[in-house]
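Hi everyone, thanks for coming. I'd like to walk you through one protein today, so please have a look at the picture as I bring it up.

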Amino acid sequence: MGIRFLVTIQAKALLRRSIFSASQTAANAAHIPKGYLTVYVGESQKKRFLVPVSYLNQPLFQELLHKAEEEFGYSHPMGGLTIPCREDTFLDLTSVLNGL
């Protein structure tokens with residue numbers, strides 16, 4: 001159990017380094033690397049993430065997008081794809097996707 005917990009912490013740390021967040025400088029935030037898309041995650045306060053386009057092929061990510069569609073339809077108030085879930089839930093899901 002301790003090893004699994006350690007692996008989870010390491011995966012989250014790796015994910016936090018590999019996904020760019022809104023806390024970066026404005027110059028970096030405006031640049032979206034090829035092969036990534038911008039999503040805004042959060043229930044009340046939205047945080048910006050760049051995720052690999054390859055996530056669009058993953059059933060878990062597709063389910064998350066379906067739930068976002070149910071809540072927001074095709075109108076995204078942040079100007080980009082908005083996912084209405086807790087940030088830690090999103091990070092957990094993307095850490096699973098990184099392991100696939």
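Let me start with a question: leaving aside its neighbours within four places in sequence, which residues is L64 in contact with? Take a moment to look for them. The partners are I83, C85, F90 and L93. Please keep in mind that this is a predicted model, and that the values I quote are computed from it.

Now let's step back to the overall layout. The protein has four helices and three strands. Starting at the N terminus, you meet them in the order α-α-β-β-α-β-α. Of the 100 residues in the protein, 30% are buried. The accessible surface comes to about 6600 Å², and carbon and sulfur atoms account for 58% of it. And here is one more number on the fold: take the contacts between residues at least 6 apart in sequence, and 55% of them join residues at least 24 apart.

Back to L64, which belongs to the largest nonpolar core. That core has 14 residues, and V39, V41, V51, F61, L64, I83 and F90 are those with the most contacts inside it. Where do the core residues come from? Strands β1 (36-41) and β2 (47-52) and helices α3 (59-72) and α4 (87-99) each supply at least two. Helix α4 gives the most, with four residues.

Let's move to T38, which sits in strand β1. Is T38 buried or exposed? Its relative accessibility is 14%, so T38 counts as buried. If we skip residues up to four places away in sequence, T38 touches I32, R48, F49, L50 and L81. With one of these, R48, there is a polar contact between the two side chains, at 3.5 Å.

R48 also helps us place a glycine. G80 and R48 are 32 residues apart in sequence, yet their C-alpha atoms are 9.1 Å apart in space. You can find G80 in the loop between α3 and β3 (81-83). Being in a loop doesn't tell you how covered a residue is, so let's check the number: G80 has a relative accessible area of 17%, and because buried means under 20%, G80 is buried.

Next, charges. Side chains of opposite charge can pair when their charged atoms come close. How many salt bridges are counted here? The count comes to two. One is formed by the side chains of K47 and E87, at 3.2 Å from N to O. This pair links distant parts of the chain, since K47 is in strand β2 and E87 is in helix α4, 40 residues apart. K47 is partly exposed at 24% relative accessible area, and E87 is also partly exposed, at 26%.

The other salt bridge joins D88 and R86, whose closest N and O atoms are 2.5 Å apart. D88 is partly exposed, with 34% relative accessibility, and R86 is partly exposed too, at 44%.

Last stop: the surface. Which residues form a nonpolar patch there? They are L60, V96 and L100, and together they have about 290 Å² of accessible area. V96 lies in helix α4 and is partly exposed, with a relative accessible area of 42%. So on α4 you can find both core residues and, with V96, a member of the surface patch.

That's my tour. Thanks for listening!

Notes
Residues numbered from 1 in each chain as written. Predicted model: local features only at pLDDT ≥ 70, side-chain atom pairs only at ≥ 80, totals over all residues. Heavy atoms only, no water. Core = buried A, V, L, I, M, F, W, Y, C linked by side-chain atoms within 4.5 Å. Buried < 20%, exposed > 50% of the residue type's maximum accessible area, 1.4 Å probe, protein only. Contact = heavy atoms within 4.5 Å. Salt bridge = Lys/Arg side-chain N within 4 Å of Asp/Glu carboxyl O. Patch = residues over 30% accessible without salt bridge, like charges linked within 9 Å, V, L, I, M, F, W, Y side chains within 5 Å. Areas by Shrake-Rupley, 256 points an atom, 1.4 Å probe, with all protein chains shown as cover. Polar contact = N/O pair within 3.5 Å; in protein donor to acceptor, adjacent residues only side chain to side chain.
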